[in-house]
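Got your viewer open? Let's take a walk through this one together, stop by stop.

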Amino acid sequence: MFSSSRPRRIKDFGLTVILWVYFLFGYLILLPVFFVPYYWACHRNIAAALQKLNHLHLKTFFHVSRFLIPKTTYRIDPQVRRLRSSVIVCNHISYLDPILLVSLFPRQTTIVKNSFFSVPIFGWFLKKAGYVPSSPEEMYGPAMIENLEAIKAHLAAGGNLFVFPEGTRGRNGRLAPFNRGVFSIARYCKTDLKLVFLRHTDKLFRPGKFSFNTCEPSTIEVEWIATLKPDYAADHFSINTVARQAWKIFAENISRSSSDGEGRHKP
């Protein structure tokens, strides 16, 4: 006797394979094919060219996912789409989070787990696109200064840096302590912090599962919830204090979302 859930599992698996095949096809075939002409069009700025191509590839990925998975809808705050030259702090609930943010910003960089830089082709792409490795040796001495100066120039050129200070995906609605790194970067660059809250990406791509959840209705939301404007020149300035303030705002939004699903903290 067939389980009533078997057709659903087959559908989930089939659509997942289609999406991940397109995802990999883009990095192995589409990006290399379009890279050379786009590179010259961007005045030989290799990082800008690769970031824009990555943005277009992942934007198309989500257009395809909307077509294949119509029960999942997206609610993207227009203010988030307009962010430029910003250090963006986000909560982290799914592996979809970083690729969703790349799909929103033509110029973007982030901190990537160091092991990804050793993956053939993909590692070359990450390095040339200006993504920052999370390896400790890259965060001290000359390498650290080089990375910080590259981020500062990236922001000045209109690009965004988005970071997940929890360092890993949250589970069961719990918010992990924030790493101080992104707040140190913001201080070095003397820039404000934009807090962006993600909801329900973990319903579409559930932690610990291979397949997308294609049959249950859900709405993925990306919302700008606050702007922090630390006084970096103040004698009493503390990175720990700014990190705790950001953590508290995210925790309040998680609490509201859990209680009524519609809590909002306006910037």
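First, some vocabulary: helices (H or I, at least four residues) and strands (E, at least two) are DSSP runs, numbered from the N terminus. Colour the chain by secondary structure and you should find nine helices and seven strands. Keep in mind that this is a predicted model, where local features need pLDDT of at least 70 and side-chain atom pairs count only at pLDDT 80 or more, while totals for chains, interfaces and linings use all residues. Residues are numbered from 1 along each chain as its sequence is written, and side-chain values use heavy atoms, with hydrogens and water left out.

**Stop 1: the whole chain.** Here "buried" means under 20% relative accessible area, "exposed" over 50%, and "partly exposed" in between (1.4 Å probe, protein chains only). Of the 267 residues of the chain, 46% count as buried.

**Stop 2: helix α7.** Select residues 181–189, which make up α7. Which of its residues are buried? They are Val182, Phe183, Ile185, Ala186 and Cys189. Look down the axis of α7: these buried residues fall within an arc of 155° (taken from the directions from the helix axis to the C-beta atoms), so they line one face of the helix. Now step on to Lys190, which follows α7 and has a positive phi, near 55°.

**Stop 3: Phe183.** Zoom in on Phe183, buried with a relative accessible area of 2%. Contact means heavy atoms within 4.5 Å. Leaving aside neighbours within four places in sequence, Phe183 is in contact with Pro165, Phe178, Leu193, Ile239, Val242, Ala243 and Ala246. Pick the C-alpha atoms of Phe183 and Ala246: they are 9.7 Å apart, though the two residues sit 63 residues apart along the chain.

**Stop 4: two cysteines.** Select Cys189, buried at 11% relative accessibility, then Cys215, buried at 17%. How many disulfides are there? Counting pairs of cysteine sulfur atoms within 2.5 Å, the answer is zero.

**Stop 5: a lining to explore.** Select α2 (46–68), β4 (132–133) and α6 (141–156), each of which supplies at least two residues of the lining of the second largest pocket. The largest share, seven residues, comes from α6. Colour the lining by type (Ala, Val, Leu, Ile, Met, Phe, Trp, Tyr, Cys and Pro count as nonpolar, Asp, Glu, Lys and Arg as charged, and the others, Gly among them, as polar). You get eleven nonpolar, seven polar and four charged residues. A pocket here is an open set of points on a 1 Å grid over the protein atoms alone, where a 1.4 Å probe fits, with protein on both sides within 12 Å along at least five of seven lines; lining residues have an atom within 4 Å of a point.
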